[in-house]
Structure formats: structure tokens, C-alpha cells
Amino acid sequence: MHELSIAESLLAIVQEEIARHCLENVISVKIKVGKLTAIQPEALSFCFEIITEDTSLKGVALDIEVLAIKGYCEECKENFELEEPVMICPKCRNWNVRIKGGRELYVDAIEVE
Ligand SMILES: [Zn+2]
């Protein structure tokens with residue numbers, strides 16, 4: 001389960017941002033994760049809840065938005081989105097595709113009261 005280490009690095013990032021901007025009463029943290037990271041949103045929320053238990057972020061909700069896998073076909077020169085990590089162009093069915101998105105993992109916003 002790699003969600004625990006991810007939750008820990010997220011927490012570090014969030015705490016750094018909070019300190020830098022002197023934020024108070026944080027109610028939620030919005031993060032974006034690409035589908036290719038294979039992160040389970042429920043597992044990540046759960047881990048985040050556990051590791052924030054003894055911190056000032058106790059009870060802060062993790063709002064996770066999953067981003068689609070984005071590809072680009074070298075043959076038909078088109079961008080497309082994929083539901084599954086199968087790298088085939090949905091239009092011409094060839095494998096000559098480039099991954100343009102889906103590996104994202106970042107803190108998008110920190111919401112305060
Ligand atoms: Zn194509």
C-alpha cells in the first residue's frame with residue numbers, strides 16, 4: 001500500500017504551505033491525482049485521516065479529484081482521454097501513443113474557514 005507514504009508527503013507539503021501563508025482553521029485540502037498513479041482515493045483519505053490524528057490538521061477532509069489518463073496519438077495526431085491504462089488510440093487502434101497526463105499528484109488548494 002503506497003498510499004501511506006503518499007499521505008505522509010502530502011501532509012508535509014500541506015504543513016509547509018500552512019506555515020508559509022500563516023493559514024488557520026483549515027477545513028479541507030484539495031488534491032489532484034492522475035489515474036496512472038494507481039492511487040486509491042479511499043485508501044489515501046483513510047491514511048491521511050490516521051496520520052493527521054495527532055496534528056493540528058485533525059479532521060481536515062481530503063478532497064481528491066482523479067484526473068483522466070491523457071494520450072496523444074502519433075498516427076492521427078489527436079489528443080484523447082482514456083478510462084483504463086491501456087495505451088491504444090481509441091480512433092485508429094494503434095499503439096503509437098504518447099502519455100500526456102495521468103501521473104499528476106499535487107495539492108491544488110487548501111480551503112480555510
Ligand atoms: Zn490514432
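This passage describes a three-stranded sheet, the zinc site beside its loops in sequence, and one buried loop residue, all taken from a predicted model.

The sheet is a good place to start. Three strands form an open sheet in the order β4-β3-β5, and their pairing is antiparallel. The edge positions belong to β4, residues 78–82, and β5, residues 97–101, each of which pairs on one side only. From one strand to the next, the twist averages 35°.

Strand β3 pairs with both of these neighbours. Towards β4, the antiparallel pairing runs over five bridges. Within this pairing, Ile69 stands opposite Leu82 of β4, and Lys70 faces Glu81 of the β4 strand. Towards β5, four bridges join the antiparallel strands, with β3 covering residues 69–73. Here Gly71 has Ile99 as its bridge partner in β5, while Tyr72 is partnered by Arg98. How enclosed is β3 by the rest of the structure? Four of its five residues are buried, so the strand is largely enclosed.

The connection between β3 and β4 is a hairpin with four residues between the strands. One residue in this hairpin, Lys77, adopts a positive phi near 55°. For anyone checking backbone torsions, Lys77 is the residue to look up in this hairpin.

Turning to the metal, which residues coordinate the zinc ion? The ligands are Cys73, Cys76, Cys89 and Cys92, each through its SG atom, at 2.2 to 2.3 Å. The angles among the four donor atoms span 101 to 123°, and the site is tetrahedral. Because four donors count as tetrahedral if all angles lie between 85 and 135 degrees, this range meets the criterion. Along the chain, the donors follow the spacing C-x2-C-x12-C-x2-C. Distant parts of the chain are linked by the pair Cys76 and Cys92, which lie 16 residues apart. Of this pair, Cys76 sits in the loop between β3 and β4, and Cys92 in the loop between β4 and β5. Cys76 counts as partly exposed because its relative accessibility is 24%. Cys92 is likewise partly exposed, at 34% relative accessibility.

The loop between β4 and β5 also holds Asn94. Is this residue buried or exposed? With a relative accessibility of 16%, Asn94 counts as buried, since the cut-off for buried is under 20%. Its side chain reaches the backbone nitrogen of Asn96 at 2.4 Å. Leaving aside residues up to four places away in sequence, Asn94 touches Cys73, Glu75, Met87, Ile88 and Cys89. Two of these contacts lead back to the metal site: Cys73 and Cys89 are touched by Asn94 and also coordinate the zinc ion through their SG atoms.

Key
Residues numbered from 1 in each chain as written. Predicted model: local features only at pLDDT ≥ 70, side-chain atom pairs only at ≥ 80, totals over all residues. Heavy atoms only, no water. Pairing = 2+ DSSP bridges. Helix = DSSP H or I, 4+ residues; strand = E, 2+ residues; numbered from the N terminus. Axes fitted to C-alpha atoms, helices over the stretch in contact; angles between N-to-C directions. Buried < 20%, exposed > 50% of the residue type's maximum accessible area, 1.4 Å probe, protein only. Polar contact = N/O pair within 3.5 Å; in protein donor to acceptor, adjacent residues only side chain to side chain. Contact = heavy atoms within 4.5 Å. Donors = N, O, S within 2.8 Å, 3.2 Å for Na, K, Ca; no water. Tetrahedral: all angles 85-135°; square planar, octahedral: opposite > 155°, others 65-115°.
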